[in-house]
Amino acid sequence: MAPPHGNDGHIFRPERRPSRRTLLGSIAALGALGAAGCTRVAAASGNGGELLDRLRAQGVVRLGIAGEIPFGYIDKDGHLTGEAPELAKAVFKRLGVDRVQPVPTEFGSLIPGLNSQQFDVVAAGMYVNADRCKQVIFADPDYQMLDSFIVRKGNPKGLHSYRDVVAKKAKFATGTGYAEIQYAVEAGYKQSDILIVPDQVAGLNAVEAGRVDVFAGTALTTREVVKKSAKAEATTPFAPLVKGERHVDGGAFAFRPTETRLRDAFNTELRELKRTGELFRILRPFGFTKAEMTDLTAKELCGQ
C-alpha cells in the first residue's frame with residue numbers, strides 16, 4: 001500500500017492488532033536469518049544490470065518489506081506472507097529464483113534502502129506516482145485501488161466524497177502518511193483540522209466513539225476492518241479527484257533505476273499471471289477482488 005507519502009497502514013480486523021512497529025519487529029526476526037552473512041547486495045553493472053543473473057546464481061532475492069497487512073506481514077504461525085511476498089514467490093520462481101528473504105524497514109525507508117542496495121526489490125504494495133518515478137523504476141501495477149470511508153451505520157451525514165466532507169463540515173480522520181490527506185486537502189479541507197491516527201483500526205475506533213464522522217482509507221482496508229463492527233460501515237468505493245480529474249492509484253514492485261532488465265523480466269511474468277488469472281488467485285486471500293485487478297501501466301501512473 002501506497003500513497004504519496006506512505007502506504008496506508010492496512011490492518012484488516014477491527015479488534016486491536018499488532019502495531020506497525022510490532023509487525024516490523026516480527027519480520028526482522030525472519031529477515032535477520034537471511035542477512036547474517038551480508039547486509040548489502042552488490043551494485044548492478046552492465047547493460048540494464050546483471051542482478052537477474054546473480055539472483056539466479058544465488059537462488060534468493062531480498063525483498064524490502066514495510067510490515068503492513070495485507071501487503072507483507074507475519075501470520076499467526078510466524079511465516080512471512082501478504083500479497084507482495086506471495087506474488088514475489090510466484091514471479092521469481094518463474095524467473096529461476098527459488099527463495100525470497102524479507103528485509104524489514106519503515107515504509108519511508110524503502111526507496112532509500114533499495115537505492116543504497118540494502119535489498120534487491122521493494123515488495124510492499126507501493127503506489128506508483130511521479131515523485132517516486134524520479135527515484136526508482138516500477139513494474140506495472142499488480143493491483144489498483146479506490147478510496148472509501150468508514151462512517152457510522154446508515155452514513156447519517158451522507159458522506160460519499162471528499163467534497164461531501166468539506167461541504168458538510170464533517171470531522172475527518174485518516175492515517176499517518178496516507179494519500180488521503182492530500183486528497184482531502186485538495187478538496188478544500190484544512191490540513192491542520194485533520195485527525196491523524198496510526199491506521200484504520202484506530203480510525204474505526206474514532207468513528208465508533210463519535211470522535212470523528214469519517215475515516216478515509218483504501219477500499220480494500222475499509223471494507224475489511226468494518227466487517228465485525230456493529231456501529232460502522234464502509235461507503236461505496238470512489239476515485240478521488242486530483243487536479244479535477246478522477247484518480248485511481250496502483251501498487252507495484254520497485255527496482256533500482258539501473259535494473260531495467262530485471263524489471264522487464266518481472267513485467268513479462270506478471271503479464272502472464274494476469275492473463276491466466278493466477279494473479280487474482282494469489283491476491284484474493286488477502287481481500288482483493290476483481291475490481292482491484294488492473295491493466296494500468298507504470299508509464300501511465302508516472303505521468304510519462
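Helix α8 is followed by Gly 210, whose phi is positive, near 80°. Helices (H or I, at least four residues) and strands (E, at least two) are DSSP runs, numbered from the N terminus. The model is a predicted one, in which local features need pLDDT of at least 70 and side-chain atom pairs count only at pLDDT 80 or more, while totals for chains, interfaces and linings use all residues. Residues are numbered from 1 along each chain as its sequence is written, and side-chain values use heavy atoms, with hydrogens and water left out.

At the N-terminal end of α8, Asp 199 acts as a cap, with a side-chain oxygen 2.9 Å from the backbone nitrogen of Val 201. Of the 9 residues of this helix (residues 200-208), 7 are buried, so α8 is largely enclosed by the rest of the structure. Here buried means under 20% relative accessible area, exposed means over 50%, and partly exposed lies in between (1.4 Å probe, protein chains only). The buried residues of α8 are Gln 200, Val 201, Ala 202, Gly 203, Leu 204, Ala 206 and Val 207, and what covers them includes the strands β8 (147-152), β10 (195-197), β11 (214-218) and β12 (232-234), together with helix α9 (219-225).

Glu 224 has its place in helix α9 and is buried, with a relative accessible area of 13%. Its side chain is joined to that of Lys 227 by a polar contact of 3.1 Å; such a contact is a pair of N or O atoms within 3.5 Å, where within protein one must be able to donate a hydrogen and the other to accept it, and residues adjacent in sequence count only if both atoms are side-chain atoms.

Most residues other than glycine have a negative phi. Two residues with a positive phi are set out below.

| Residue | Phi | Loop | Relative accessibility |
|---|---|---|---|
| Asn 155 | near 45° | between β8 and α6 (162-167) | 10%, buried |
| Lys 169 | near 50° | between α6 and β9 (172-175) | 73%, exposed |

How many aromatic pairs does the structure hold? It holds 14 aromatic pairs, where rings of Phe, Tyr and Trp (its six-membered ring) pair if their centres lie within 6.5 Å, and planes under 30 degrees apart count as stacked, over 60 as edge-to-face and the rest as tilted. One of them is the tilted pair of Phe 71 and Tyr 143, at 5.5 Å centre to centre and with 35° between the planes. Phe 71 lies in the loop between β1 (60-65) and β2 (73-74) and Tyr 143 in strand β7 (residues 143-145), so this pair ties together parts that are 72 residues apart in sequence. Both Phe 71 and Tyr 143 are buried. The rings of Phe 253 and Phe 266 have centres 4.7 Å apart and planes at 40°, so they too form a tilted pair. This pair links strand β15 (residues 249-255), which holds Phe 253, with helix α10 (residues 260-276), which holds Phe 266, 13 residues apart. Phe 253 is buried at 2% relative accessibility, and Phe 266 is buried at 0%. Ring pairs also link Phe 149, Tyr 162, Phe 172, Tyr 183, Tyr 189 and Phe 238 into a cluster.

A search of the whole structure finds 1 disulfide, a term for a pair of cysteine sulfur atoms within 2.5 Å. The disulfide is formed by Cys 133 and Cys 302, whose sulfur atoms are 1.9 Å apart. The torsion about their S-S bond is about -70°, so the disulfide is left-handed. Cys 133 lies in helix α5 (residues 130-133) and Cys 302 in helix α12 (residues 298-302), 169 residues apart.

Terms used. Contact means heavy atoms within 4.5 Å.
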